[in-house]
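I opened the model to look up its pockets, its cores and a few single residues. The notes follow in the order in which I made them.

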Amino acid sequence: MITKKMNDAFNNQINAEQFSSYLYLSMSAWFSTNGLPGFATWMRAQAKEEAFHGDKMFDYLLERGGKVELQKIDKPKGKWKSPLDVIKDVAAHEAKVTGLINDLVDCALEEKDHASNIFLQWFVAEQVEEEASVGEVLDRLKMVGDNPSGMFTMDLEMGKRVFQEPVAE
Ligand code: FEO
């Protein structure tokens, strides 16, 4: 059985992951309406990945005999000044999520919940990957600057991303 404190913390994180998915979906729409379909595809894949993160916690909580309590998802931002402005927001958001995952690990350690601690290590590693991948996009965007042909090429490359649900470890 999972403790109430850990159970609540997981429910909050399920909500945070779903909000991330919603935010990235909103960003995908922004890219679509601003002539960057490749970036839109990339953000759409990112949104699916976030929903998968939420589902992974949802399944784990049920497996532990916990109580899933879904919460209201906040309205995400819908307007940005430029592609760089969007990707800067993604980077800031991922840094925030890393902090939330670290807090969850702290909670697991305080509750002496070793199973949750092990489960959360996947998310710790995932955040390293996520921050690195958005950091790469950010660096490339800064290099492209206002160069239209550079942006066109980058958009084509961004459009190659496909989300594949990781197979069970
Ligand atoms: Fe679920 Fe991008 O962290």
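I began with the second largest pocket and listed its lining: S82, P83, L84, L141, K142, G145, D146 and M151. I am working from a predicted model, and this applies to every entry here. The volume of this second largest pocket came out at about 170 Å³. I then asked which elements supply at least two residues of its lining. They are α3 and α4. Sorted by class, I have four nonpolar, two polar and two charged residues in the lining of the second largest pocket.

I went on to the largest pocket, for which I noted a volume of about 270 Å³. Its lining has 14 residues, and I marked W42, E129, S133, V137 and R161 as the closest to the centre. Two or more lining residues come from each of α2, α4 and α5. Which element gives the most to this lining? I found that α4 does, with seven residues. By class I entered eight charged, four nonpolar and two polar residues for the lining of the largest pocket.

Next I looked up the overall fold. I counted five helices and zero strands in the protein chain, and from the N terminus on I read the order α-α-α-α-α. The C-alpha trace spans about 55 × 25 × 25 Å along its principal axes. I compared the radius of gyration with the globule rule: a compact globule of 169 residues would have a value near 15 Å, and the protein chain has 17 Å, so I recorded agreement. Of the 169 residues, 45% are buried. For contacts with a separation of 6 or more, I noted that 81% join residues 24 or more positions apart.

I turned to the nonpolar cores. The largest has 24 residues, and I wrote down M27, F31, F39, M43 and I87 as those with the most contacts inside it. Each of α1 (4–33), α2 (37–63), α3 (83–110), α4 (114–144) and α5 (148–158) supplies at least two residues of this core. Apart from this core I found another, of 19 residues, including M57, L104, V105 and F123.

I followed up M27 on its own. Which residues does M27 contact, leaving aside its neighbours within four places in sequence? My list reads M43, W80, V86, D89 and V90.

I checked H93, which I placed in helix α3. Is H93 buried or exposed? Its relative accessibility is 10%, and buried means under 20%, so I entered H93 as buried. With neighbours within four places in sequence left aside, I listed F19, S20, L23 and Y24 as the contacts of H93.

My last residue was E131, which I located in helix α4. I classed E131 as partly exposed because its relative accessibility is 33%, and that class lies between the 20% and 50% cut-offs. Not counting residues up to four places away in sequence, E131 touches E94, A95 and T98. I also took the C-alpha to C-alpha distance from E131 to M6: they are 25 Å apart in space and 125 residues apart in sequence.

Key. Residues are numbered from 1 along each chain as its sequence is written. This is a predicted model: local features need pLDDT of at least 70, side-chain atom pairs count only at pLDDT 80 or more; totals for chains, interfaces and linings use all residues. Side-chain values use heavy atoms; hydrogens and water are left out. A nonpolar core is a set of buried Ala, Val, Leu, Ile, Met, Phe, Trp, Tyr and Cys residues joined through side-chain atoms within 4.5 Å. Buried means under 20% relative accessible area, exposed over 50%, partly exposed in between (1.4 Å probe, protein chains only). Helices (H or I, at least four residues) and strands (E, at least two) are DSSP runs, numbered from the N terminus. Contact means heavy atoms within 4.5 Å. On a 1 Å grid over the protein atoms alone, a cavity is a set of points where a 1.4 Å probe fits but cannot get out, and a pocket is an open set with protein on both sides within 12 Å along at least five of seven lines; lining residues have an atom within 4 Å of a point. Grid points are joined across faces, edges and corners, and a volume is the space filled by probe spheres set on the points. Ala, Val, Leu, Ile, Met, Phe, Trp, Tyr, Cys and Pro count as nonpolar, Asp, Glu, Lys and Arg as charged, and the others, Gly among them, as polar. The radius of gyration is taken over C-alpha atoms; the globule rule is 2.2 Å times the number of residues to the power 0.38.
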